[in-house]
Structures are given as structure tokens and as C-alpha cells.
Amino acid sequence: GSVASAPARGWRPRVARAPRASSGAGTPRQTGPEKPVPGVLPPRDRRFRPFTPPPDASEFPPYAGNEHFRFEVVHRSSKSAARVGRIHTPHGTIDTPGFVAVGTMGALKHVPHSVLRDAGLDLMFANTYHLMLQPGPELVAEAGGLHAFIGRDAPLITDSGGFQVFSLARPNEADVLELKSRRPSKQKGDDGLLIRSNEAGVLFKSYRDGRDVALTPESSVAAQKLIGADIIIPLDELPPYAIDQKSLKKSVYMSHRWEARSLRAHLRDKRKQAMYAVVHGGVDRELRRMSVEYLSSLPFDGFAIGGSLGRDSEELIELLRFLMPLMPKDRPNHLLGIGDVPSIDGAVPTGVDTFDSTFPTRNARHGRLMTFSGKGKGKEMTSFNVLRAENARNFAPPCEECPCPLCASHSVAYLHHLFKANEPNAATLA
């Protein structure tokens, strides 16, 4: 990272000014979001300069709140920057700080919505990329929106699809070094599925049927309008951890231009939704400062922290200690893709409001349980693998203090048996 106090070279924050009445630039046209043709992406314009600044803040109306979305701080810690808050949405209130469960296709794997409610998880994350490919945003809209389609009368947030798309790129050895890896998965092989990206957007191959799919800032917003979540995210680029400073800076500039385009599309047709900006810059403090200064000058309803967040929890927390004091205090923030316990424990004192990750459900599906050990002040969270041979005769509950259905009614040995027998109920109980 760069020296914390240094301003970004070659860039000056664009201070919001009153829109010019003669041009009408600050008043978005009241038309629906643009929807480009699927599978078609314009070729790269070789005359376009990658360090072209994003639109000036004067081209947008000043932030004046959102009648369908409100954030309030209930309590501030006297010992750290931690805070307790409430995010009010059309489908309910989100208490913060809070963990956000990830229901990739509109559902958590093996977990019904009632379990989320009983666990007190107010907000669920769904992935625009996956919902675009199956069942399609038009079908979701025909069903009455994602809330009606999945039967959830509680807040929802969708991403832009950018994280998944750029995770489709060909992986390399350096990618496994960071918290957000691009390892080969069941949805992509070693060759990757990302075809190309340019100023217009990205083109990738569907992992479902191999067809070409184009995603632009405008089409991402159009899809999220049809899906109908309470909180939506603008399209951004996800550069890897192992990247040179010049390439990272190009990526931040492009993400800013894409986010400005996404915001314009959103403001033309709000539909009771809120939009969070995505702060970028990797672990480069100079670029993170630049990103916060520009994005906070635009009328976003909240701010997500995205991009590469470091090799491990320690580097993440160091980055947050620098970044969080720069973030707007009057609007909520969200840490994208982080959900391990050490990272959450370290991030809450810096002022992070919400977190999302597939970490807990993915661990459970593979037989790793998170439990408490010890008692009183010495109690701490730990984990163990129920599939290990010694657990075949462990007739104690996974956690003596936990009231969940597994711990209240079943033993470790029983869960071990279910996994070994390939019973679907094993993942649900875990």
C-alpha cells in the first residue's frame, strides 16, 4: 500500500456543485433503464483513454435521502468505532452490525427461509449473475419480484454480477493468495469463461449452456430492477490481488465510470430501491482514498467495500483501520464477500455495518461445524470436522450451549452417520 496521508496522484476530488439549470443535467430523464441485446458487446474503442476521469458530481443531483430507505445510528461505542444501527427498507428493518446470508439462486443451500428468520438474520444476499442465467430476471418479475417468487417478506440485496463474472477469468497461481480467490470451480475450468471486457462492459460464456452473455452497467441495473431487491449494487470490475499499480489504477477509474453509469440508470427509475456504491483500490491506500472521495460525492444510498481485500484477515483489518474513518458516517456500509469469524471480529470495531459470505453454509455442507468451547469469559468460538473418524462414536451434542435443532436433539455421531450415508438432511442439520 501507499503512504496513508498521500493524495492520489493525477486526480483531484470532484466537489459536488449545484446542477446547471440550463442543461438539466442534474435531473435524470424519467425513462426505464436501458437493456442492451444479450450476447452483444461493442468492440474496444482504441481511442479511449483508460485514465479518463469519471463524470463530475455536478452532473448528478445532490444526495437528499431516500423516502424508501433510511439509516439511523442507535449507539456508538466509546471504546472503538463500532456502532449499532438500523436500516429501514420497504420489506423490514435490518439491525446492524449484522451478518448477511448468501442465497445465491434465491435460496440458501439446504436451508429454508424460516431458519434465517429464527436465527435473526434480517438481510439475504442473492446473485444477479446466477439469476440472470436461471430462471432469468423477466420470469422473476413476472412472478411479482424476487420477494414474491421465493416467498420471503424480508429485506433482500442483490449484487451487480460483476464479482461472479470477473471470477470467471482464467485463474493463476497468485489468485489463491487472497481472501477472495478465483480457484477453478464446478462452474468454470482452468480456462475460465470470461471472453473480454472493455469500457462498454463484459462478455462471458454462460456456465449453463455455453451461450455468450453481455453485461453492462445499464443491463445489470435493468436486471436488478426486474429482480426487485431492496438494495442493489452497480457494476464494477474485480481486479486480482497480484496486480501492478498502474493496472489497478486503470481498473479503479473504469469501475468509477461504470458505477456512475449504473447510478444514472438507477436514478431514472428508482422503484423503491436503494443503491450502494462499491469502493475500490485493492490494498493501495492512495487509490482507496481516491475511490471514497469520488463515490461519496455522488448520491448513493450506502457504500460497499469491494475489490481485493488482502491476503488474510490481518491485512484486511489493517486496510479497514485506514479506510473506515474516510467513509461517510450518515449512510450504511457493507463489507463484500467476508464472513469468517476472525475478520468479522476485527472489522466490527472499525465501524463496518454488514457482511456477506457463503462461508458458514459452505463449511457446513462439507462437515465443518462452528461451536463454542470453554465457559464464561474463557469461552471462544472454534470449529471441527464432523467427518473425522473419531466422531463416529462421539455421542455428545456438537455444542452444549446451542439451542439449534442439531445441538438440542442430536449427537455428533448421528451427524457423522448422516454425512457418511450421503443423507441430504446432513447438510440441513449442519
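The exercises below, each with a worked solution, go through a predicted model of a protein chain.

Residues are numbered from 1 along each chain as its sequence is written. In this predicted model, local features need pLDDT of at least 70, side-chain atom pairs count only at pLDDT 80 or more, and totals for chains, interfaces and linings use all residues, while side-chain values use heavy atoms, with hydrogens and water left out.

**Exercise 1. Confidence**

State the mean pLDDT of the protein chain, and say over which residues the pLDDT is below 50.

Step 1. The term comes before the values: pLDDT is the predictor's confidence in each residue, on a scale from 0 to 100. For the protein chain the mean pLDDT is 88, and 85% of the residues reach 70 or more.

Step 2. The pLDDT is below 50 over residues 1-32, and this stretch has 55 contacts in the model beyond near neighbours in sequence, where contact means heavy atoms within 4.5 Å.

**Exercise 2. The sheet of E1, E2 and E3**

Find which strands stand at the edges of the sheet with the order E1-E2-E3, and explain what this leaves them without.

Step 1. Helices (H or I, at least four residues) and strands (E, at least two) are DSSP runs, numbered from the N terminus, and two strands pair if DSSP finds at least two bridges between them. Strands of a sheet pair through backbone hydrogen bonds, either parallel or antiparallel.

Step 2. The sheet is open, has three strands and shows antiparallel pairing. Strand E1 (70-76) and strand E3 (92-96) are at the edges, and because each has a single partner strand, one side of each is left without a neighbour in the sheet.

Step 3. From one strand to the next the twist averages 20°, an angle taken between axes, which are lines fitted to C-alpha atoms, for helices over the stretch in contact, with angles running from 0 to 180 degrees between N-to-C directions.

Step 4. E1 and strand E2 (residues 83-89) run antiparallel and are joined by six bridges; the bridge partner of Phe71 in E2 is Ile87.

**Exercise 3. The sheet of E7, E8 and E9**

Repeat the analysis for the open sheet with the order E7-E8-E9.

Step 1. This sheet has three strands with antiparallel pairing. Its edges are strand E7 (194-198) and strand E9 (212-215), each with a single partner strand, so one side of each has no neighbour in the sheet.

Step 2. Neighbouring strands here are turned by 15° against each other on average, direction ignored.

Step 3. Four bridges hold the antiparallel pairing of E7 with strand E8 (residues 201-205), and Arg196 has Leu203 as its bridge partner in E8.

**Exercise 4. Helix packing**

Describe how H6 packs with H7, and how H7 packs with H8.

Step 1. Two packed helices are described by the angle between their axes and the distance between the axes. Angles under 35 degrees count as roughly parallel, over 145 as roughly antiparallel, 65 to 115 as roughly perpendicular and the rest as oblique.

Step 2. Helix H6 (residues 217-227) and helix H7 (residues 245-268) pack at about 40°, their axes being 8 Å apart, which makes H6 oblique to H7. The residues that meet include Val221 of H6 and Trp258 of H7.

Step 3. H7 and helix H8 (residues 285-295) pack at about 15°, with axes 11 Å apart, and they are therefore roughly parallel to each other. Among the residues that meet in this pair are Leu248 and Val252 in H7 and Leu287 and Met290 in H8.

**Exercise 5. Peptide bonds and a positive phi**

Locate the cis peptide bond that joins Thr96 and Pro97 and the cis bond from Gln134 to Pro135, and then place His110, which has a positive phi.

Step 1. The bond between Thr96 and Pro97 has an omega of about 0°, and Pro97 is found in the loop between E3 and strand E4 (98-102).

Step 2. The bond from Gln134 to Pro135 has an omega near 5°, and Pro135 lies in the loop between helix H2 (128-133) and helix H3 (137-142).

Step 3. The phi of His110 is about 70°, although His110 is not a glycine, and this residue sits in the loop between E4 and helix H1 (113-119).
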